[in-house]
Amino acid sequence: IVCPERIDLIHKNFRKLCNLLVDVDEWGQVTILNMLTRYARTQFIDPNKTDIIDEKFYDSEDDSEEEEEDEEDEDEDKKKKSKKPKKKPYVMDQDHRLLLRVTKPLLQSRNAAVVMGVAQLYHHIAPRNEISVIARPLIRLLKGHYEVQSIVLSNLATLSAERPNMFEPYLKSFFVRSSDPTHIRLLKLDIMANIAGETSIHNILREFRAYIASSDKQFAAATIQAIGRVACNISEVTETCLHGLMNLLSHKNEAVVAESVVVIKKLLQLQPKENKELIQQVAKMTDKVEIPSAKASILWLVGEYCNLVPKIAPDVLRKAAKNFINEDESVKLQIINLSSKLVVTNPKQL
């Protein structure tokens, strides 16, 4: 703490600190955990590397003399083999193992900061097959106050992006409650989108459908974005999500319609030729959509695939050009983009 860069001061006291960790008060444990995490990340070998190369950077004089003598007796194949680095299986250092062993019981601590400190340590220095022990204690913290939930969920969003399988069994813990504030809802949405897999996707989509009907416009829009992420990651539900979003184009909430258009644009890029009819349907929404980001997305979609909708594209341009002066800059840019593409691909109908 006093000298955060003087790692050498910890060397001789490392085991003593590990053994005293359980007897220190909770906030002292947090401080020591952070210090030992920094120490372990710089002094111990990453356990998730399968093997370690045991090779000298420079050869000594004795080694070079021996090699010169062996060159006369050995074949070329043997020389090549001798130059290759020797690989040894990873063996965890005793102090590394000690640190993991003494910190594991602290996952049961009543102090959320201590649990988070141990989770951080395991995330950085534990082997892959041992990291899963932090999942249940972290889920337990979600029963605390909203302030604690916010911090825990922020960290879970990062962890779930790297290790989605670790939190998939606890999917129901991330379902949104009616009493949750908006920032908690958004974090839970992010985590559910991260951990969505083939086994859990149908339950997650069922939850998302319910969330779209929320009176919270920001939350409803974020739900549609989450549906788009899931649809891109899991090909099995892409078509289902796409048609579901198309049904939302008649929704009463303008924010929902606008966000649906933006997400549909992304999904249609995956298989444009197979979704020609959907592109035509979206193109007809130009007059009904008022939000700039959604209108710009429609115009981009029509311009990008104008060869698939040769009869509709010129009409879309004519309608958009009438109100060009009053449009947002992003919409103006897409109108110019559409007109330039039609001049090249379909000049007769302009």
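Select helix H9, residues 146–162, in this predicted model, and colour its residues by burial. Gln 149, Ser 150, Val 152, Leu 153, Leu 156, Ala 157, Leu 159 and Ser 160 are the buried positions of H9. The helix has 17 residues. From its first C-alpha to its last, H9 reaches 24 Å, close to the 24 Å expected at 1.5 Å a residue.

Next, display the elements around the helix. Against which helices do the buried residues of H9 pack? They pack against H7 (112–125), H8 (135–140), H10 (164–167) and H11 (182–195).

Keep H9 and H11 on screen and hide the rest. Two packed helices are described by the angle between their axes and the distance between the axes. Here, the axes of H9 and H11 come within 9 Å and cross at roughly 25°. Because angles under 35 degrees count as roughly parallel, H9 is roughly parallel to H11. The crossing in which H9 passes H11 is left-handed. To inspect the contact, show side chains on both helices. On H9, select Tyr 146, Gln 149, Ser 150, Leu 153, Ser 154, Leu 156, Ala 157, Ser 160 and Ala 161. On H11, the contact is made by His 183, Ile 184, Leu 187, Lys 188, Asp 190, Ile 191, Asn 194 and Ile 195.

Now centre the view on Gln 149, a residue of helix H9. Is Gln 149 buried or exposed? Its relative accessible area is 7%; Gln 149 is therefore buried, the cut-off being under 20%. Leaving aside neighbours within four places in sequence, Gln 149 is in contact with Leu 141, Leu 142, Gly 144 and Ile 184. Of these, Ile 184 also belongs to the H11 side of the helix contact described above.

Move on to Leu 270, in the loop between helix H15 (254–268) and helix H16 (276–283). Leu 270 has a relative accessible area of 48% and is partly exposed. Add Cys 232 to the selection: Leu 270 and Cys 232 are 38 residues apart along the chain, and their C-alpha atoms are separated by 8.4 Å.

Finally, colour the chain by pLDDT. The protein chain averages 83, and 87% of the residues score at least 70. Among the elements of the chain, H8 has the highest mean pLDDT, 95, and strand E1 (residues 51–54) the lowest, 42. Select residues 51–67, over which the pLDDT is below 50. Beyond near neighbours in sequence, this stretch has 15 contacts in the model.

Methods: Residues numbered from 1 in each chain as written. Predicted model: local features only at pLDDT ≥ 70, side-chain atom pairs only at ≥ 80, totals over all residues. Heavy atoms only, no water. Helix = DSSP H or I, 4+ residues; strand = E, 2+ residues; numbered from the N terminus. Expected span 1.5 Å × (residues − 1). Buried < 20%, exposed > 50% of the residue type's maximum accessible area, 1.4 Å probe, protein only. Contact = heavy atoms within 4.5 Å. pLDDT = per-residue confidence, 0-100. Axes fitted to C-alpha atoms, helices over the stretch in contact; angles between N-to-C directions. Parallel < 35°, antiparallel > 145°, perpendicular 65-115°, else oblique. Left-handed = near helix turned anticlockwise from the far one by under 90°.
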